[in-house]
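Hello,

Here is the structure I promised to pass on to you. Please have a look at it first, and then read my notes below.

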Amino acid sequence: ARAETTEYLFGAEPEWADAQLRRIAHRVCFDELMEKINEIRAGGASKLFLIVTGTAGTGKTSAMMMTALRLEAEGVSTGWIDAGDRFEPTAFRAALRKEKDLGALCISNADLLDRHLPRSIKDALDANAKMIIICECRSTKLDRIVAREELADISPIEYTIPYLGDSDIDAILDVLEKE
(Lines give C-alpha, C1' and ligand atoms only; values in the text may rest on other atoms or scores of the structure.)
Protein backbone atom coordinates (compact mmCIF):
# COMPACT_ATOMS: atom_id res chain seq x y z
CA ALA A 1 0.00 0.00 0.00
CA ARG A 2 1.08 3.57 -0.66
CA ALA A 3 1.99 5.85 2.23
CA GLU A 4 -0.16 8.74 0.93
CA THR A 5 -3.86 8.30 1.67
CA THR A 6 -6.56 8.97 -0.87
CA GLU A 7 -10.31 9.27 -0.86
CA TYR A 8 -10.47 8.64 -4.61
CA LEU A 9 -10.71 4.88 -4.24
CA PHE A 10 -13.71 5.44 -1.95
CA GLY A 11 -15.57 7.46 -4.58
CA ALA A 12 -14.25 11.02 -4.10
CA GLU A 13 -13.16 13.29 -6.96
CA PRO A 14 -9.62 12.47 -8.13
CA GLU A 15 -6.68 14.64 -7.15
CA TRP A 16 -3.51 15.08 -9.18
CA ALA A 17 -1.67 12.69 -6.87
CA ASP A 18 -4.17 9.97 -7.79
CA ALA A 19 -3.40 10.46 -11.47
CA GLN A 20 0.36 10.69 -10.99
CA LEU A 21 0.50 7.66 -8.67
CA ARG A 22 -1.61 5.60 -11.10
CA ARG A 23 -4.59 5.18 -8.78
CA ILE A 24 -6.76 6.00 -11.74
CA ALA A 25 -7.19 2.73 -13.60
CA HIS A 26 -6.56 2.91 -17.33
CA ARG A 27 -9.82 2.69 -19.27
CA VAL A 28 -10.37 2.05 -22.95
CA CYS A 29 -12.17 5.39 -23.23
CA PHE A 30 -8.95 7.24 -22.27
CA ASP A 31 -7.39 6.02 -25.53
CA GLU A 32 -10.56 6.91 -27.47
CA LEU A 33 -10.52 10.40 -25.98
CA MET A 34 -6.86 10.90 -26.95
CA GLU A 35 -7.65 9.71 -30.49
CA LYS A 36 -10.44 12.28 -30.74
CA ILE A 37 -8.12 15.02 -29.44
CA ASN A 38 -5.36 14.04 -31.86
CA GLU A 39 -7.87 14.06 -34.77
CA ILE A 40 -8.95 17.57 -33.87
CA ARG A 41 -5.36 18.77 -33.44
CA ALA A 42 -4.23 17.17 -36.72
CA GLY A 43 -7.22 18.52 -38.66
CA GLY A 44 -5.96 22.07 -38.34
CA ALA A 45 -9.52 23.37 -38.34
CA SER A 46 -9.94 26.15 -35.87
CA LYS A 47 -12.98 27.04 -33.86
CA LEU A 48 -13.58 23.57 -32.42
CA PHE A 49 -13.66 22.44 -28.84
CA LEU A 50 -14.28 19.11 -27.21
CA ILE A 51 -16.82 18.53 -24.45
CA VAL A 52 -16.43 15.37 -22.37
CA THR A 53 -19.83 14.42 -21.00
CA GLY A 54 -21.37 11.69 -18.92
CA THR A 55 -23.52 11.17 -15.89
CA ALA A 56 -22.26 11.69 -12.35
CA GLY A 57 -19.53 9.24 -11.38
CA THR A 58 -18.69 7.95 -14.86
CA GLY A 59 -15.06 9.09 -14.68
CA LYS A 60 -15.12 12.39 -16.58
CA THR A 61 -12.64 14.15 -14.29
CA SER A 62 -10.38 11.08 -14.16
CA ALA A 63 -10.37 10.93 -17.96
CA MET A 64 -9.57 14.65 -18.17
CA MET A 65 -6.67 14.35 -15.72
CA MET A 66 -5.17 11.38 -17.53
CA THR A 67 -5.61 13.19 -20.84
CA ALA A 68 -3.88 16.31 -19.51
CA LEU A 69 -0.96 14.21 -18.27
CA ARG A 70 -0.69 12.40 -21.61
CA LEU A 71 -0.73 15.67 -23.54
CA GLU A 72 2.03 17.07 -21.33
CA ALA A 73 4.04 13.84 -21.78
CA GLU A 74 3.71 14.31 -25.55
CA GLY A 75 5.16 17.81 -25.24
CA VAL A 76 1.89 19.73 -25.51
CA SER A 77 1.84 22.63 -23.07
CA THR A 78 -1.42 22.06 -21.19
CA GLY A 79 -3.37 24.31 -18.86
CA TRP A 80 -5.97 23.23 -16.29
CA ILE A 81 -8.89 25.16 -14.87
CA ASP A 82 -10.85 23.63 -12.05
CA ALA A 83 -14.30 25.06 -11.43
CA GLY A 84 -13.41 25.18 -7.75
CA ASP A 85 -10.83 27.83 -8.59
CA ARG A 86 -11.82 31.47 -8.60
CA PHE A 87 -12.47 32.38 -12.24
CA GLU A 88 -12.10 35.95 -13.44
CA PRO A 89 -12.64 36.49 -17.20
CA THR A 90 -10.29 39.49 -17.31
CA ALA A 91 -7.48 37.53 -15.65
CA PHE A 92 -8.24 34.60 -17.97
CA ARG A 93 -7.78 36.77 -21.09
CA ALA A 94 -4.54 38.21 -19.67
CA ALA A 95 -3.21 34.71 -18.98
CA LEU A 96 -4.06 33.65 -22.55
CA ARG A 97 -2.08 36.59 -23.95
CA LYS A 98 0.88 35.60 -21.78
CA GLU A 99 0.72 31.86 -22.54
CA LYS A 100 0.86 32.03 -26.34
CA ASP A 101 2.33 28.52 -26.66
CA LEU A 102 -0.48 26.79 -24.78
CA GLY A 103 -1.46 23.78 -26.87
CA ALA A 104 -4.37 22.53 -24.77
CA LEU A 105 -6.65 23.87 -22.10
CA CYS A 106 -8.68 21.50 -19.92
CA ILE A 107 -11.65 22.86 -17.98
CA SER A 108 -12.96 20.54 -15.28
CA ASN A 109 -16.61 20.81 -14.20
CA ALA A 110 -17.10 23.41 -16.92
CA ASP A 111 -20.83 23.59 -16.31
CA LEU A 112 -20.11 25.44 -13.06
CA LEU A 113 -18.61 28.25 -15.15
CA ASP A 114 -21.55 28.27 -17.55
CA ARG A 115 -22.17 32.00 -17.29
CA HIS A 116 -18.58 32.81 -18.33
CA LEU A 117 -17.69 29.70 -20.31
CA PRO A 118 -18.96 30.40 -23.86
CA ARG A 119 -17.32 33.83 -24.01
CA SER A 120 -14.12 32.45 -22.45
CA ILE A 121 -13.92 29.66 -25.03
CA LYS A 122 -14.36 32.19 -27.82
CA ASP A 123 -11.69 34.45 -26.30
CA ALA A 124 -9.29 31.51 -25.95
CA LEU A 125 -9.73 30.32 -29.53
CA ASP A 126 -9.52 33.86 -30.88
CA ALA A 127 -6.22 34.28 -29.00
CA ASN A 128 -4.82 30.92 -30.10
CA ALA A 129 -6.71 29.05 -32.83
CA LYS A 130 -4.24 26.13 -32.67
CA MET A 131 -5.08 25.38 -29.04
CA ILE A 132 -7.56 22.65 -28.25
CA ILE A 133 -10.02 23.28 -25.46
CA ILE A 134 -11.37 20.26 -23.64
CA CYS A 135 -14.29 20.89 -21.29
CA GLU A 136 -15.94 18.42 -18.98
CA CYS A 137 -19.54 18.59 -17.80
CA ARG A 138 -22.47 16.43 -16.86
CA SER A 139 -24.67 15.44 -19.77
CA THR A 140 -27.65 17.18 -18.23
CA LYS A 141 -25.78 20.52 -18.21
CA LEU A 142 -24.50 20.39 -21.79
CA ASP A 143 -27.16 22.71 -23.19
CA ARG A 144 -26.04 25.50 -20.87
CA ILE A 145 -22.66 25.51 -22.59
CA VAL A 146 -23.43 24.94 -26.26
CA ALA A 147 -26.72 26.81 -26.72
CA ARG A 148 -25.21 30.29 -26.49
CA GLU A 149 -24.90 32.77 -29.31
CA GLU A 150 -21.57 33.90 -27.84
CA LEU A 151 -20.00 30.78 -29.35
CA ALA A 152 -20.86 32.15 -32.82
CA ASP A 153 -18.94 30.02 -35.35
CA ILE A 154 -17.31 27.75 -32.75
CA SER A 155 -18.44 24.14 -32.98
CA PRO A 156 -18.51 21.86 -29.96
CA ILE A 157 -17.69 18.18 -30.41
CA GLU A 158 -19.15 15.92 -27.72
CA TYR A 159 -17.43 12.80 -26.39
CA THR A 160 -19.51 10.79 -23.90
CA ILE A 161 -17.68 8.67 -21.34
CA PRO A 162 -19.08 5.16 -21.79
CA TYR A 163 -20.10 2.77 -19.06
CA LEU A 164 -17.45 0.38 -17.77
CA GLY A 165 -16.46 -2.51 -19.99
CA ASP A 166 -14.93 -5.80 -18.81
CA SER A 167 -11.34 -4.61 -19.37
CA ASP A 168 -12.12 -1.39 -17.46
CA ILE A 169 -13.47 -3.39 -14.53
CA ASP A 170 -10.39 -5.63 -14.55
CA ALA A 171 -8.12 -2.57 -14.51
CA ILE A 172 -10.04 -1.06 -11.57
CA LEU A 173 -9.80 -4.33 -9.65
CA ASP A 174 -6.05 -4.42 -10.29
CA VAL A 175 -5.65 -0.88 -8.88
CA LEU A 176 -7.78 -1.73 -5.84
CA GLU A 177 -5.75 -4.87 -5.20
CA LYS A 178 -2.47 -2.96 -5.55
CA GLU A 179 -3.60 -0.19 -3.18
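**Notes on the sheet and its helices**

In strand β4, glutamate 136 is the bridge partner of valine 52. Before going further: this is a predicted model, in which local features need pLDDT of at least 70 and side-chain atom pairs count only at pLDDT 80 or more, while totals for chains, interfaces and linings use all residues. Residues are numbered from 1 along each chain as its sequence is written, and side-chain values use heavy atoms, with hydrogens and water left out.

**Overall**

The protein has seven helices and five strands; helices (H or I, at least four residues) and strands (E, at least two) are DSSP runs, numbered from the N terminus. Along the sequence they follow the pattern α-α-β-α-β-α-β-α-β-α-β-α. Of the 179 residues, 45% count as buried, where buried means under 20% relative accessible area, exposed over 50%, and partly exposed in between (1.4 Å probe, protein chains only). Among contacts between residues at least 6 apart in sequence, 80% join residues at least 24 apart; contact means heavy atoms within 4.5 Å.

**The sheet**

The five strands form an open sheet in the order β2-β3-β4-β1-β5, with parallel pairing. Two strands pair if DSSP finds at least two bridges between them. The edge strands are β2 (78–82) and β5, each of which pairs on one side only. On average, neighbouring strands of this sheet are turned by 20° against each other, direction ignored. Axes here are lines fitted to C-alpha atoms, for helices over the stretch in contact, and angles run from 0 to 180 degrees between N-to-C directions.

Going through the pairs, β2 and β3 run parallel over five bridges, and threonine 78 has alanine 104 of β3 as its bridge partner. Helix α5 (residues 117–127) packs on the sheet and touches β1, β3 and β4; its direction makes about 165° with that of β4. Strand β3 (residues 104–108) pairs with β4 in the parallel sense over four bridges, with isoleucine 107 opposite cysteine 135 in β4. Six bridges join the parallel strands β1 (residues 48–54) and β4.

How many residues of β4 are buried? In strand β4 (residues 132–138), six of the seven residues are buried, so the strand is largely enclosed by the rest of the structure. One residue of β4 to look at is isoleucine 134, which counts as buried at 0% relative accessibility. Isoleucine 134 touches Ile37, Leu50, Val52, Met64, Thr67, Leu71, Leu105, Cys106 and Ile107, leaving aside residues up to four places away in sequence. Threonine 67 is 67 residues from isoleucine 134 in sequence, and their C-alpha atoms are 9.5 Å apart.

At the β5 edge, threonine 160 belongs to strand β5 (residues 155–160) and counts as partly exposed at 43% relative accessibility. Not counting residues up to four places away in sequence, threonine 160 touches Thr53 and Gly54. Its C-alpha atom is 4.7 Å from that of threonine 53, although 107 residues separate the two along the chain.

**Helix packing**

Two packed helices are described by the angle between their axes and the distance between the axes. Helix α2 (residues 28–43) and helix α3 (residues 60–73) pack at about 55°, with their axes 10 Å apart. That makes α2 oblique to α3; angles under 35 degrees count as roughly parallel, over 145 as roughly antiparallel, 65 to 115 as roughly perpendicular and the rest as oblique. The contact is made by Phe30, Asp31, Leu33, Met34, Ile37 and Arg41 of α2 and by Ser62, Ala63, Met66, Thr67, Arg70 and Leu71 of α3.

The axes of helix α4 (residues 89–98) and α5 come within 10 Å and cross at roughly 20°, which makes α4 roughly parallel to α5. Phe92, Arg93 and Leu96 of α4 meet Ser120, Asp123, Ala124 and Ala127 of α5 in this contact.

**A backbone detail**

Most residues other than glycine have a negative phi, and most peptide bonds are trans. Arginine 22 has a positive phi, near 60°. This arginine 22 sits in the loop between α1 (16–20) and α2, and it counts as exposed at 60% relative accessibility.

Best wishes
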